[in-house]
Amino acid sequence: MKRPLLAALLSLCAVGGNAYAALLDFDAGVPSEITLGGSMMWNGTGGGHLYMEMYDDDDFIYFTAPTTVNSFQMNREPWQGYQAFPDDWLVHIQAFDSSNASLWDTTLDLGAFSDWSDWLTVNVDVDNVSMMTFYATGGGNPWNNGFWPSIDNMRINEPTGNDPTVTVPEPASLALIGLGLAGLGFARRRKA
């Protein structure tokens with residue numbers, strides 16, 4: 001009887017260790033769930049957010065573990081009060097898994113999102129994302145269109161709705177379940 005109880009406890013701990021819903025608002029900097037690559041930068045002007053520092057290369061967000069990316073917001077300006085005037089406002093975004101297979105991609109026009117209080121919400125709802133790539137498409141020269149869009153309020157690890165039976169267990173709930181099972185095992189052992 002000890003082995004099934006131990007297996008149940010271990011499986012609960014394994015499920016709870018990987019998935020938790022979170023909002024990455026970037027207010028206090030870059031959270032531990034991600035690292036930045038290319039020229040992706042953090043900026044606190046007008047509230048914490050990420051932005052693409054250079055217009056002539058790709059920018060990256062790397063996740064420290066495979067992650068469900070639910071959504072994020074974008075604005076065409078790198079920080080509050082900045083005004084850019086490129087030929088177009090297009091940015092191409094891709095999500096990749098750990099083997100660099102493309103999971104999702106889109107091209108956005110951020111031309112209408114110049115006011116700092118008006119952000120475009122980008123819905124992704126893709127599981128197992130290890131990296132996201134952001135690059136400006138440019139008018140005639142890719143990666144060279146002269147604007148530095150911002151990224152904020154990234155929602156991760158929420159159930160995607162693809163399977164209504166899937167829920168994300170909270171760490172506190174898992175701890176209570178684990179303590180309950182351990183108590184049952186102790187009581188059973190003591191009774192024997």
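**Exercise 1. Describe the fold of the chain in outline.**

Solution. The chain contains 2 helices and 9 strands, where helices (H or I, at least four residues) and strands (E, at least two) are DSSP runs numbered from the N terminus. Read from the N terminus, the order of the elements is α-β-β-β-β-β-β-β-β-β-α. The model is a predicted one, in which local features need pLDDT of at least 70 and side-chain atom pairs count only at pLDDT 80 or more, while totals for chains, interfaces and linings use all residues. Residues are numbered from 1 along each chain as its sequence is written, and side-chain values use heavy atoms, with hydrogens and water left out.

Next comes burial. Of the 192 residues in the chain, 39% are buried; buried means under 20% relative accessible area, exposed over 50%, and partly exposed in between (1.4 Å probe, protein chains only).

**Exercise 2. State which residues have the most contacts inside the largest nonpolar core, and which strands supply that core.**

Solution. A nonpolar core is a set of buried Ala, Val, Leu, Ile, Met, Phe, Trp, Tyr and Cys residues joined through side-chain atoms within 4.5 Å. The largest such core has 32 residues, and F72, M74, M132 and F134 have the most contacts inside it. At least two core residues come from each of β1 (22-24), β4 (49-52), β5 (59-75), β6 (90-96), β7, β8 and β9 (150-156). Strand β8 gives the most, with 6 residues.

The contacts of F72 can then be listed, contact meaning heavy atoms within 4.5 Å. Leaving aside neighbours within four places in sequence, F72 is in contact with residues including I93, L120, M132, F134 and I151.

**Exercise 3. Determine where L108 lies and what it touches.**

Solution. L108 belongs to strand β7 (residues 102-109). Its relative accessible area is 12%, so L108 is buried. Not counting residues up to four places away in sequence, L108 touches M74, W89, L90, V91, I93, L120 and V122. One of these, V91, is 17 residues from L108 in sequence, with the C-alpha atoms 5.4 Å apart.

**Exercise 4. Identify the salt bridges and classify the burial of their partners.**

Solution. A salt bridge is a side-chain nitrogen of Lys or Arg within 4 Å of a carboxyl oxygen of Asp or Glu. The count is 2. In one, E77 is paired with R76, the closest N and O atoms being 3.0 Å apart. Both partners are buried: E77 has a relative accessible area of 1%, and R76 has 10%. In the other, E158 meets R155 at 3.4 Å, N to O. Here E158 is partly exposed at 26% relative accessibility, and R155 is partly exposed at 34%.

**Exercise 5. Trace the aromatic pairs that involve Y82.**

Solution. Rings of Phe, Tyr and Trp (its six-membered ring) pair if their centres lie within 6.5 Å; planes under 30 degrees apart count as stacked, over 60 as edge-to-face and the rest as tilted. The whole structure has 6 aromatic pairs. W79 and Y82 are edge-to-face, at 5.2 Å centre to centre with 70° between the planes. Y82 and W148 are also edge-to-face, at 5.7 Å and 85°. This second pair links distant parts of the chain, since Y82 is in the loop between β5 and β6 and W148 in the loop between β8 and β9, 66 residues apart. Y82 is partly exposed at 23% relative accessibility, whereas W148 is buried at 17%. Ring pairs link Y51, W79, Y82 and W148 into a cluster.
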